[in-house]
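Reader: I'd like to go through this one with you and ask how each label was earned. Could you show it to me first?

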Amino acid sequence: MIHKEYFDIYDINENKLGYKVLRGKPLKKGEYHIVVEVITITKEGKLLVTRRHPNKHFPLYYEFTGGSVKAGETPLAGAKRELCEETGINANDDELIPLGTIVFKETIYKDYLYIIDEKQDIILQPDETIGYHFIHINNFDSFLEKYDFVPSGKKRFLENYKDKILELMKEYL
């Protein structure tokens, strides 16, 4: 049985509009859904990236952990769920550090940073991811030049979060 996924619909100020939409349905002007992204980094400065399944949009591209917030879910709960589903990592609410919010087209991106003590064993989600790497943040630009990375995630990271993460990580690096 195929499970249908619904999203709560928001205005641009993240106020729920009181209804939900089936995943894949086009949104009307002024309607937004929330997508979360979790950038996981070790205290040694190694970023966790996963490789997308070949049957997904942007097949075999690398990405940070993330996905759409489901109907009835808060962005924080969605971030924790996505992190667990895609990597097997369980985080507490207070461990996810808000990085920022970016609106692009009909999507409100809510980004979080998750700092872990050391590399952890990753449990990949079948049909979602096929591999993963830990790449040092100082080598990440060259990784992005060499490998395909989901364009929107790459843009948000380079333009909005890389410097912020480096600043937050000063106590560790």
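**How the labels were earned**

Author: Let's start with Asp141, which counts as partly exposed at 32% relative accessibility. Before going on: this is a predicted model, where local features need pLDDT of at least 70, side-chain atom pairs count only at pLDDT 80 or more, and totals for chains, interfaces and linings use all residues. Residues are numbered from 1 along each chain as its sequence is written, and side-chain values use heavy atoms, with hydrogens and water left out.

Reader: Why is Asp141 called partly exposed?

Author: Buried means under 20% relative accessible area and exposed means over 50%, with partly exposed in between (1.4 Å probe, protein chains only). Asp141 has 32%, so the middle label applies.

Reader: Where does Asp141 lie, and what is it in contact with?

Author: Asp141 lies in helix α2. Helices (H or I, at least four residues) and strands (E, at least two) are DSSP runs, numbered from the N terminus. Contact means heavy atoms within 4.5 Å; leaving aside neighbours within four places in sequence, Asp141 is in contact with Leu158 and Lys162. The C-alpha atoms of Asp141 and Leu158 are 8.6 Å apart, with their positions 17 residues apart in sequence.

Reader: What makes Phe140 and Phe143 a stacked pair?

Author: Rings of Phe, Tyr and Trp (its six-membered ring) pair if their centres lie within 6.5 Å; planes under 30 degrees apart count as stacked, over 60 as edge-to-face and the rest as tilted. By this rule the count comes to eleven aromatic pairs. For Phe140 and Phe143 the centres are 5.7 Å apart and the planes differ by 15°, so they pair and count as stacked.

Reader: How are Phe140 and Phe143 placed in helix α2?

Author: They are three residues apart in helix α2 (residues 140-146), which means about one helical turn separates them. Phe140 has a relative accessible area of 1%, so it is buried, and Phe143 is buried too, at 7%.

Reader: Which residues do ring pairs link into a cluster?

Author: The cluster is made of Tyr62, Phe64, Phe140, Phe143, Tyr147, Phe149 and Phe157. Not counting neighbours within four places in sequence, Phe143 is in contact with Val49, Tyr62, Ile135 and Phe149.

Reader: Is Val49 buried or exposed?

Author: Buried: Val49 has a relative accessible area of 0%. Val49 lies in strand β4 (residues 46-52), and beyond four places in sequence its contacts include Tyr62, Phe64, Phe140, Phe143 and Phe149. Val49 and Tyr132 are 83 residues apart along the chain, yet their C-alpha atoms are separated by 5.5 Å.

Reader: How do you know that the charged end of Lys20 sits over the ring of Tyr6?

Author: A charge sits over a ring if NZ of Lys or CZ of Arg is within 6 Å of the ring centre and within 35 degrees of the ring normal. Lys20 is 5.3 Å from the centre of the Tyr6 ring. Arg156 lies over the face of Tyr109, at 3.8 Å from the ring centre.

Reader: What is the volume of the largest pocket, and what makes something a pocket?

Author: The volume is about 1,100 Å³. On a 1 Å grid over the protein atoms alone, a cavity is a set of points where a 1.4 Å probe fits but cannot get out, while a pocket is an open set with protein on both sides within 12 Å along at least five of seven lines; lining residues have an atom within 4 Å of a point. Grid points are joined across faces, edges and corners, and the volume is the space filled by probe spheres set on the points. Of the 40 lining residues, the closest to the centre are Arg23, Val35, Arg52, Gly67 and Ser68.

Reader: How does the lining of the largest pocket divide by residue type?

Author: Into 13 nonpolar, eleven polar and 16 charged. Ala, Val, Leu, Ile, Met, Phe, Trp, Tyr, Cys and Pro count as nonpolar, Asp, Glu, Lys and Arg as charged, and the others, Gly among them, as polar.

Reader: Why is Lys105 called exposed?

Author: Lys105 has 62% relative accessibility, so it counts as exposed. Lys105 also has a positive phi of about 55° although it is not a glycine.
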